[in-house]
Structures are given as C-alpha cells and as structure tokens.
Amino acid sequence: MMCDSGSDEDITAEDGGSTESVRKGCDPLVSTQRSKLQQRRAKLNQQINRELRLRSGAENLYRASSNQKVKETVALELSFVNSNLQLLKEELEELNSSMNVYQTESETVSVPMIPLGLKETKEIDMTVPLQDFISEHYSEDASLYLNEIRDFMELRQAMRTPSRNEAGQELLKEYYNQLYFLDQRFFSLHRSLGIHFHWYDSLTGVPSVQRALAFEKGSVLFNIGALYTQIGARQDRSTLTGIQSAIDAFQRAAGAFLYLQENFSHAPSLDMSSPALSMLVRLMVAQVQECVCEKVILNMQNNDLNVLLQAAQEAARVSDVYSLVLQAMSVPLLKDYVPFSWISMVQVKTHHFRALAHYYTAVALCDCSAMSDEDEDEGEEIKALIQVHTRRPEKLNLHDPEDKRRLGKAHLRKAIIRHEEALRLHGVCKMLRKMDILQEVLSHAHACSLEKYSEIDQEDDFCEVAEAPEIQCNDRKVERRTNLSPAGEKECQSGSQRRAGREYEHGSSSLKNWSWRSGGVTKRLGSTFSLSFGNFRESESMF
C-alpha cells in the first residue's frame with residue numbers, strides 16, 4: 001500500500017534519515033489512488049492463494065480416488081476453480097497495467113513511464129523462534145532482548161507500507177540492513193528456526209513460501225527497485241530537475257534489479273527469476289535513455305542543426321533500446337507472463353521514437369539549409385548531415401537545397417508511417433486506450449509530421465521519390481551506474497561487522513551488543529544505488 005498524501009510524499013531525504021521517520025510506514029487505511037490499488041492487489045493475492053490451494057486439493061483427490069463418480073464431481077469442481085483463477089489473474093493483470101496512478105500529476109504532457117507494483121507479504125511473528133534460539137544457542141535470558149525483537153518486528157511491519165519517496169526507500173533499506181545482522185546471529189546453515197516467509201509474485205499474485213532468509217532479503221531488494229520505478233514515474237519531466245530526478249531513480253532501480261540478479265539465485269517466484277530481472281534492467285535502462293532524449297529536446301533551440309541532429313540520434317537510440325526490451329519480454333519464460341499493456345507500451349515507444357528520429361532529421365535538413373555563409377561551416381554541416389545516417393543518401397547532393405528538401409520529405413514519410421503504427425498499436429490495447437496523455441502525445445507528434453510534410457510538399461514535384469536511410473545512433477552510451485565492483489568489498493565493512501561475522505563463525509556466547517539500531521555499512525553500486533550490508537554469501541539461494 002502506497003501513501004499518496006502530499007505531506008508524506010514531500011518528506012525530504014534529510015527528514016528520512018531520522019529514526020522516527022524512517023521506521024514509520026504509511027497508514028494502510030488512507031484512501032488514496034495508490035493505496036486503494038495496493039489494497040485490491042493484496043486482496044486478489046489472497047483470493048488467488050485460496051483458489052490455488054483448492055485446486056491443489058482437488059487434483060490430489062482426483063489422483064487418489066478410484067471412484068468414477070467422485071472423479072467426475074472433482075473434475076467439475078476443478079473446472080470452476082480454474083475458471084475463477086483465470087478471472088482473478090486477469091483482474092490482477094489489469095491492476096498491474098494501471099500505470100496512470102503512478103504518473104506525475106503535472107499538467108504538462110509527457111509520455112507515461114512503466115512502474116512496478118510492490119511485492120506483498122504476510123505478517124509474521126519471529127518473537128518465539130528468536131527467543132528460543134537466544135536461550136538455546138547463547139544461553140542467555142531471552143526476555144532481556146524482548147524490546148529489541150519487538151522493535152525489529154515493528155520495523156518489518158512498517159516496511160510493508162513504504163511511502164513513495166526517499167523516506168520509504170530508507171525504511172526498506174534499514175530493514176534490509178537489519179536482515180544482515182539477523183542472518184549473522186540467528187540463521188545457521190545447519191539449523192532452521194522454523195520461520196516461513198510468505199511473499200506474492202508482483203505480477204501474477206502467486207504465493208511463495210520459503211524458510212531461507214535470502215528469500216526475505218531478495219524480496220525486500222525487489223521492492224527497493226520497484227519503489228524507485230514509482231518514484232521515477234512520478235517526476236515532472238517538463239523541467240530539467242524533474243528529468244534528472246527521473247534518470248537517477250530509474251538508474252537506481254536498474255541497479256537494484258541487477259544486484260538481485262547477480263547475487264541471489266534459485267528464485268521461487270518468476271518475478272525474481274534471472275530472465276525477468278534481466279528484462280527489468282533493460283526496461284529501466286530504456287526509460288533512462290528516454291529521459292536523456294527528453295532532456296535534449298527540452299534544451300532544443302529552433303534551427304540549431306547540431307541540437308536537432310543530436311535529438312534525432314537520441315530518439316533513434318531510445319527506439320533501439322526499447323527494441324531490446326521487447327526481445328527480452330518475448331523469451332519463452334516471459335511472453336505469457338509480462339502484462340500485455342507493458343508489451344504494447346514498449347512497442348508504441350519503439351515506433352514513436354523512431355518516428356521522432358526521422359522528424360528531427362527532416363527539420364534539420366529543411367530548416368537549417370541557410371544557417372551559414374561560410375564555405376567551411378557549410379562543409380561541416382553537410383558532413384554532419386551525412387554522418388547522422390547509417391549510410392550515405394544515394395543520388396542526392398546535400399549541397400543542393402532541393403536535394404535536401406527531397407531527403408527531408410523522405411524522412412517525414414517514414415516518420416508519418418511510424419507515427420501511424422504507434423497510434424494503431426495504442427488503439428489495440430485496452431489499457432493504453434484509457435491513457436489520454438499517451439493518446440495526446442502520439443497524436444500531437446503525428447500532426448507535427450503531417451504539418452511539416454504539407455509545408456515542404458510541392459504540387460509540381462515530379463522528381464523520383466528519395467529513399468531515407470535510417471538514423472545512426474551516436475557513440476555516447478547511457479552512463480551505466482549499475483555495475484557492482486567487487487574491488488574493495490572487504491574494505492567497506494565496518495569493524496563492528498567484521499567482529500559480528502567472527503562472533504557468528506566462532507559461536508559467540510554473547511548478544512549484548514545486538515540492537516536493531518546497529519548501523520550497517522554502505523556498499524555503493526556505482527554512485528546512484530547503495531545498500532546497507534556486510535559480508536554475504538555469494539549467490540545467496542532463495543530456495
């Protein structure tokens with residue numbers, strides 16, 4: 001359940017650093033769009049879980065029974081259960097396709113981004129298992145640590161409802177940090193505490209139950225990434241500050257998913273499988289690239305050849321990256337798992353930004369033909385116009401204004417075709433049709449290309465139709481700050497954590513320094529994503 005109140009979501013990062021604000025989750029009873037959405041998701045998860053249990057029981061009865069009449073009755077019951085299950089999954093998919101509630105409330109029209117909903121978890125109580133372990137393993141009075149255990153359980157309860165801002169992120173990261181200390185002191189490789197962690201798949205609602213603490217850690221890490229996607233989607237990208245904030249959030253989301261993919265294995269739920277996480281990383285990188293393109297367009301000045309060509313190349317790169325996302329969504333394991341609205345949105349953006357690439361190239365060709373009288377400058381301009389294409393335009397002399405116009409007209413034809421395909425794909429998807437902002441963006445871009453085409457079209461133009469080459473992407477790559485460098489891993493650990501590790505390894509008999517307030521180390525993922533943790537087992541198994 002997400003908090004939607006302005007006062008809570010406007011908490012600054014500094015405020016989030018205090019103990020009270022970090023440990024406070026959102027009120028689950030707040031009637032906001034996102035809280036209602038998350039409440040419906042939680043209810044559907046429970047209903048799906050119930051139907052799955054009914055189906056499992058009916059299937060077992062069907063296999064075990066030899067009575068034909070009983071088998072017929074069970075088969076009928078199974079058909080009803082499967083029908084209910086399908087309806088519930090379709091309703092959940094529609095919820096996961098609800099991108100509007102996560103977008104910015106600014107009146108400025110921007111292309112919507114794709115956010116992720118949080119994984120839901122059941123409330124659990126670790127008090128008795130932890131007290132038993134303290135008494136048996138450390139031979140201490142467990143009642144002395146009741147307050148610390150209670151604080152830890154309150155922290156877990158709070159992290160189930162993080163606010164959609166940096167304070168919510170600090171809450172999730174603090175709980176993740178405490179799981180490190182819990183792992184060091186209470187979770188032995190040779191003994192289970194009997195604690196079962198229940199988490200639901202973020203897209204299908206299918207429940208998973210595991211005793212491995214790594215499953216709890218991985219699920220929290222997934223929610224850290226998911227929350228960053230929501231923070232990125234809500235930014236006002238009509239300003240440079242908003243675009244930069246969105247870039248930062250999507251980069252951090254990519255870092256969280258990449259870290260989860262590289263350091264956790266044997267995911268019991270599909271949303272944390274390697275193919276799904278790989279797809280999510282690509283999706284976040286594509287949304288970063290989209291923001292970079294928007295930044296260039298926002299700074300664009302009329303008739304500036306270099307900026308127009310840069311915008312064309314950035315738009316082409318966005319289209320290329322979304323094509324890779326579409327490939328990742330189409331692998332056998334995911335093609336029936338990813339929501340149809342996500343696939344449709346990625347397809348729409350692939351065509352939309354390819355159309356923009358052709359449009360800006362056409363504007364550069366047609367509107368910047370007489371920018372300079374200097375032969376040397378003109379030569380540089382012609383060189384830039386040639387290099388923006390994947391191949392040299394055939395049978396055209398770009399020193400000739402008429403040939404420039406013909407090539408620009410050819411680019412506009414391609415742009416219009418791409419715009420129309422984007423609009424067609426938009427109309428095919430029910431969820432996208434509900435997004436008025438997306439319809440407005442696509443229609444406006446289409447109208448601009450048609451208007452420009454009419455402006456340069458000549459009735460007496462009987463010349464052979466020119467063929468417009470594709471746009472070359474430039475050499476600048478998105479700054480990738482999602483790699484985790486293994487160098488300096490040991491150096492980043494604090495002395496207290498090294499001691500904690502040694503105490504666990506050697507079976508320390510004291511817990512007097514344990515507290516949920518114990519600070520953890522911060523390990524940086526590039527400069528945009530950080531987590532609090534110390535030593536961890538490489539490729540922690542969640543199963």
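Okay, one definition before we start: a residue is called buried when its relative accessible area is under 20%. Keep that cut-off in mind, and keep in mind that this is a predicted model.

Let's begin with Y175. Its relative accessible area is 0%, so Y175 is buried. Its ring partner is F152, and the two make a stacked aromatic pair, with 5.6 Å from centre to centre and 25° between the planes. F152 sits in helix α7 and Y175 in helix α8, so this pair ties together parts that are 23 residues apart in sequence. And F152? At a relative accessible area of 1%, F152 is buried too.

How many aromatic pairs does the count come to? Seven. Here's another of them: Y138 with F186, and this one is edge-to-face, at 6.4 Å centre to centre and 70° between the planes. Where do the two residues lie? Y138 is in the loop between α6 (127-137) and α7 (146-159), while F186 belongs to helix α8, residues 166-186, so the pair links parts that are 48 residues apart in sequence. Buried or exposed? Y138 comes out as buried, with a relative accessible area of 5%, and F186 is buried as well, at 0%. If you're looking at the model right now, find F133 too, because ring pairs link F133, Y138 and F186 into a cluster.

Staying with rings for a moment, there are also lysines to point out. K71 lies over the face of Y62, 5.0 Å from the ring centre. K119 does likewise with F222, and there the distance to the ring centre is 5.7 Å.

Last stop: R237. You'll find R237 in the loop between α9 (213-233) and α10 (240-263). You might ask whether to call R237 buried or exposed. Its relative accessibility is 5%, so R237 counts as buried. So what does its side chain meet in there? One polar atom of the R237 side chain lies 2.5 Å from the backbone oxygen of V111. Then there's E294: the side chains of R237 and E294 are joined by a polar contact of 2.7 Å. Setting aside neighbours within four places in sequence, the residues in contact with R237 include S110, V111 and M113, then G242, I243 and A246, and also E290, C291 and E294.

So, to recap the places to click on: the stacked pair F152 and Y175, the cluster of F133, Y138 and F186, and buried R237 with its polar contact to E294.

Note on methods:
Residues are numbered from 1 along each chain as its sequence is written. This is a predicted model: local features need pLDDT of at least 70, side-chain atom pairs count only at pLDDT 80 or more; totals for chains, interfaces and linings use all residues. Side-chain values use heavy atoms; hydrogens and water are left out. Helices (H or I, at least four residues) and strands (E, at least two) are DSSP runs, numbered from the N terminus. Buried means under 20% relative accessible area, exposed over 50%, partly exposed in between (1.4 Å probe, protein chains only). A polar contact is a pair of N or O atoms within 3.5 Å; within protein, one must be able to donate a hydrogen and the other to accept it, and residues adjacent in sequence count only if both atoms are side-chain atoms. Contact means heavy atoms within 4.5 Å. Rings of Phe, Tyr and Trp (its six-membered ring) pair if their centres lie within 6.5 Å; planes under 30 degrees apart count as stacked, over 60 as edge-to-face and the rest as tilted. A charge sits over a ring if NZ of Lys or CZ of Arg is within 6 Å of the ring centre and within 35 degrees of the ring normal.
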